[in-house]
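Let's take a walk through this structure together. Please have the sequence and the 3D view open as you read.

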Amino acid sequence: MAERIDGEPVLSLSEVGKGFHGTTVLDGISLDVPQGQFVALAGPSGAGKSTLLRLVNGMHLPDSGTVRTLGENPAACSRGRLRALRARVGFVFQQFGLVGRLTALENVLMGSLASLRLPRYGVMSYPRAVRARAVEQLDRVGLAELRFQRCDTLSGGQQQRVAVARTLLQGPELILADEPVASLDPAASVLVLDTLKRISAEDGISVVCSLHQIELALATADRVVALRGGRLVLDEPAADLTADRLRAIYDPGETRAGQAEDRDGQADVRDGQAGACVGHAEARDGQVEARDG
Ligand SMILES: Nc1ncnc2c1ncn2[C@@H]1O[C@H](COP(=O)(O)OP(=O)(O)OP(=O)(O)O)[C@@H](O)[C@H]1O
């Protein structure tokens, strides 16, 4: 297992391109994420946000350019190494990915399965130390008291926090969150994002989180990266951005202007990005995501 060398970004994309069935979805994306940074990934529907997140943990492989995640190039990993890499990368989904008929604690315990290897049935089949850590993670997301409650009886916001606790039990060095609050009400959205942000700060875990809610992105993230039409069009500290500027990314008029710019060969905002190596990876598309839960 390759280790990240000191100071190396947790995540580094260099001139990454990806398409499906002849249609370009991501084009020339370069992005470095240092340890502990909370990055909001914004952009209109279809801009390529989910595709980018999937490239990071090797669910998709780039057609051009290089992805380095925690010091590894997913495209160059054997199956075993890719599995090991994915164990170091937590993934939080919009739809939680929990087993509804199981309790919160049982769902969190599933976050340890990659390291335990053997299948487990019921809470008591997990080692005592793992059970203690699972309760600890539930406590961190404010749900220790509900640990014996079935997940399908929890609110959406509570379920998403269970999903975060499950990811934490995995001991991730990087968390990818794909629209984690898209199906939650505003209050629950704030609570989930605040929880993720606090844990990112406490544990020094980088988070890359796709979000449509402009105000939430600005309030939560250290940095906002926006995609439009598969291009990286904005990359700035959240503190330097206004809601209006970010909202403009979603404006169809802006999209047309952006496309015109692109045709002129003028790359948009790509500050602070590394551009070292360019590699090539075979496509291994169509890989499903639920494995990482
Ligand atoms: N496995 C796939 N096969 C074919 N096309 C795909 C595949 N995955 C994504 N796409 C296409 O790539 C484009 C970008 O999709 P993606 O899900 O990355 O966008 P997004 O920015 O996350 O959108 P949303 O905000 O709606 O989730 C879309 O046109 C989508 O249909």
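The paragraphs below go from the whole chain to its sheet, its domains, its ligand shell and one loop residue.

Keep in mind from the start that this is a predicted model. The chain has 293 residues, and 45% of them count as buried. Its secondary structure adds up to 10 helices and 9 strands. If you look at contacts with a separation of 6 or more, 72% of them link residues 24 or more positions apart in the chain.

Now find the sheet. Six strands, in the order β5-β6-β7-β3-β8-β9, make up an open sheet with mixed pairing. At its edges stand β5 (89-93) and β9 (231-237); each has a single partner strand, so one side of each is left without a neighbour in the sheet. From one strand to the next, the twist averages 15 degrees. Within this sheet, have a look at β3 (residues 38-42) and β7 (residues 206-210), which run parallel and are joined by 4 bridges. A40, for instance, has C209 in β7 as its bridge partner.

Next, step back to the domains. Domain 1 is assigned to 1-88 + 174-288, while domain 2 covers 97-171. Where the two touch, 11 residues come from domain 1 and 13 residues from domain 2. On the domain 1 side of this contact, helix α7 (residues 186-203) gives the most, with 6 residues. Sorted by class, that side of domain 1 holds 9 nonpolar and 2 polar residues, and no charged ones.

The ligand is our next stop. Which residues come nearest to the ligand? Of the 13 residues around the ligand, they are F20, S45, K49, S50 and T51. Helix α1 (residues 49-56) gives the most to this shell, with 3 residues. By class, the shell around the ligand divides into 8 polar, 3 nonpolar and 2 charged residues.

Let's finish at a single position, I249, which sits in the loop between α9 (243-248) and α10 (252-263). Is this loop residue buried or exposed? I249 is buried, because 20 other C-beta atoms lie within 10 Å, and 20 or more is what a residue needs to count as buried. You can also trace the distance from I249 to A226: these residues are 23 apart along the chain, and their C-alpha atoms are separated by 7.5 Å.

Terms used: Residues are numbered from 1 along each chain as its sequence is written. This is a predicted model: local features need pLDDT of at least 70, side-chain atom pairs count only at pLDDT 80 or more; totals for chains, interfaces and linings use all residues. A residue is near a molecule or strand if its C-beta atom, placed from the backbone, lies within 6 Å of it. Helices (H or I, at least four residues) and strands (E, at least two) are DSSP runs, numbered from the N terminus. Ala, Val, Leu, Ile, Met, Phe, Trp, Tyr, Cys and Pro count as nonpolar, Asp, Glu, Lys and Arg as charged, and the others, Gly among them, as polar. Two strands pair if DSSP finds at least two bridges between them. Axes are lines fitted to C-alpha atoms, for helices over the stretch in contact, and angles run from 0 to 180 degrees between N-to-C directions. A residue is buried if 20 or more other C-beta atoms lie within 10 Å of its own, exposed if 12 or fewer, and partly exposed in between; C-beta atoms are placed from the backbone. Two residues are in contact if their C-beta atoms, placed from the backbone, lie within 7 Å. Domain bounds come from an automatic or database domain assignment.
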